[in-house]
Amino acid sequence: MSTRLPVATPPEVRTEAGKLFQEHRRPLSITLTLHVLAAALGLAGPFLLGRMVDGVIEGTSTTRIDLLAATLAAFIVAQAVLTRAAIQRSLVLGERVFAQLRETFIARVLGLPLSTVERAGTGDLVARTTGDIDALSRTVRFAVPEILVALVTTVLTLAAAVIAGPLVAAGAIVGVPLLYAGTRWYLKRARAAYLWERASYATLDGTVTETVDGVRTVEALDMADVRIQRIDGDLREAFAAERRTLFLRSVWFPTAELSYVLPVVATLAWGAWLVSAGHATVGQVAAVVLYMVQIVDPVDRLVSWLDELQVGTSSLARVVGVAKVPNDREPSGRSPAGEDIHASDVRYSYVDGQDVLHGVSLDLRPGERLAMVGPSGAGKSTLGRLLAGIHPTRAGSVEVAGVPLVDLELDQLRREVVLVTQEHHVFVGTLRDNLALAAPSATDDELRQALDSVDALAWADALPEGLDTVVGSGGHPVGPAQAQQIALARIVLADPHTLVLDEATSLLDPRAARHLERSLSAVLHGRTVVAIAHRLHTAHDADRVAVVENGWISELGSHHELVEHGEAYAKLWESWHGRPAQESTN
Ligand code: ADP
């Protein structure tokens, strides 16, 4: 069962956004000032044109008109220069803020408690790292600057219209209710509709891909008709979803357009009456009407980016939410002075109120090899993770030389005890980077020794650029066995005194597995090892065997002792070996 990572509440998102604005206040105010200046210069156009109209009507000298025209040209050039500077600055600022968001996010992800990552699984985390960060990048880089600029321009243009002809400008109000109602109507429905559309495409994609991938199975089982029906169904769904979003657009777009044109027409008609009644000049009406034409662009941008802002906010909530995971380690700065690990009365639950370990106590003897056996679901992996300090205990404690594992910093914990699983990742980077993760200060000689000890030096030296060869996705290909050897070499470098082994080699093909077993035994040499055994011969070769059943250690002793004992382990051994227990011991 996987638990989802938390999502931030709206107030938390607002606090986070507020902090970002606060941190970048200076560059933000410079950018905004530039935009305000540019927008203000753009407002001179209609005003000057209005003066020109009135001038012509009053029969002013042509030199005065020419002067007004020249001023207008100067304003346009100045506006262009300022706009360029403003846009450049806001783009740079957007990139900077986004980079900061992404870095903070990655730092938070890497700082997540191991137990959370283990439990939540990587799906949710990957979705947040890719989809949500993408959505956020659009919002931060484009939506926020566009909205700020559009807002400033809209307000300034309105103010200019009021100054140019207060009475005439009143006519523009007719557009507001229509735009408000239309936009509200659309925004309320759009999100769900677009989500539906996206989901229906994804389903259709999935069905088609699945059908093509499994074409042999489809044909062998004569399932063509079933699959076609399924695809038809998905298509109908996608069609319906698309019709829905089309309907929303077909209502909203004309409404918005109408509310842009209406103020223009209204100010014209209303202005004409005002002129005839002697309350305004033709020039004033011309200026205000031109402002109404000019305001369409910022208002349109404002309205269309609002939608994006909604998406961005929900992504920010998911990205910020990662920080809400409580930390489960409390590093105390104490460092253990020994290598003996004790678990006492350990209890653990994944789901509140349902313990899967019911008070397990276990003392590891330094240097011993202990095998854990037992039925699937008995709690072996859970106990292994607790012994490796990945999960904190619910009750009881796991300590190394008297220091609880959860009191150790992660990099210190790694020098004490390491969990070895089948998961081994090769990171994009040089082979050296990949190894040095475990020991940042290791010299090349030490890295090579580590490779040598896991039998990997030969192929590593044969790489085109040795330790400098770039491996990982997109780099020099590295096979699964080699990847595992890199992981083992990391362990040699981290040099923990205790290892917990969870099915370390079972996913590999037998030949590679045999080879790896040699590398592995070199790594195990001289360390305390807890092996979660899925093959009983591991148990047979171990110094001690712990039988885990229903969240308890039901038997603990050497292979021979337990076989003599004649209980659970003896029965397991007998059934695995196919002979009576007494004969099989040797
Ligand atoms: P084993 O390794 O012996 O097969 P596990 O330690 O994996 O046993 O599981 C012990 C119990 O804990 C099982 O009942 C299992 O269903 C439960 N369990 C294991 N992992 C999780 C998890 N991530 N979330 C919830 N329950 C879990």
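Of the 11 residues around the ligand, which come nearest? In this predicted model, they are Gly377, Gly379, Lys380, Ser381 and Thr382.

**Ligand surroundings**

The shell around the ligand draws its largest share, three residues, from helix H12, which spans residues 380-387. By character, the residues of this shell divide into five nonpolar, five polar and one charged. Oxygen atoms of the ligand lie at short range from polar atoms of the protein, as the following table sets out for glycine 377, glycine 379 and threonine 382.

| Residue | Protein atom | Distance to a ligand oxygen atom |
|---|---|---|
| Glycine 377 | backbone N or O atom | 2.6 Å |
| Glycine 379 | polar backbone atom | 3.0 Å |
| Threonine 382 | polar side-chain atom | 2.4 Å |

On its own, the ligand has 560 Å² of accessible area, and the protein covers 67% of that area.

**Proline 336**

A second site of interest is proline 336, located in the loop that runs between helix H11 (282-321) and strand E1 (341-351). Is proline 336 buried or exposed? Its relative accessible area is 15%, which is under the 20% limit, so proline 336 counts as buried.

Leaving aside residues up to four places away in sequence, proline 336 touches Val400, Ala401, Val403, Leu408, Gln412 and Glu416. Leucine 413 stands 77 residues from proline 336 in sequence, yet the C-alpha atoms of the two residues are 10.0 Å apart in space.

Methods:
Residues are numbered from 1 along each chain as its sequence is written. This is a predicted model: local features need pLDDT of at least 70, side-chain atom pairs count only at pLDDT 80 or more; totals for chains, interfaces and linings use all residues. Side-chain values use heavy atoms; hydrogens and water are left out. Helices (H or I, at least four residues) and strands (E, at least two) are DSSP runs, numbered from the N terminus. Buried means under 20% relative accessible area, exposed over 50%, partly exposed in between (1.4 Å probe, protein chains only). Contact means heavy atoms within 4.5 Å. A residue is near a molecule or strand if one of its heavy atoms lies within 4 Å of it. A polar contact is a pair of N or O atoms within 3.5 Å; within protein, one must be able to donate a hydrogen and the other to accept it, and residues adjacent in sequence count only if both atoms are side-chain atoms. Accessible areas come from the Shrake-Rupley method with a 1.4 Å probe; for residues, only the protein chains shown count as cover. Ala, Val, Leu, Ile, Met, Phe, Trp, Tyr, Cys and Pro count as nonpolar, Asp, Glu, Lys and Arg as charged, and the others, Gly among them, as polar.
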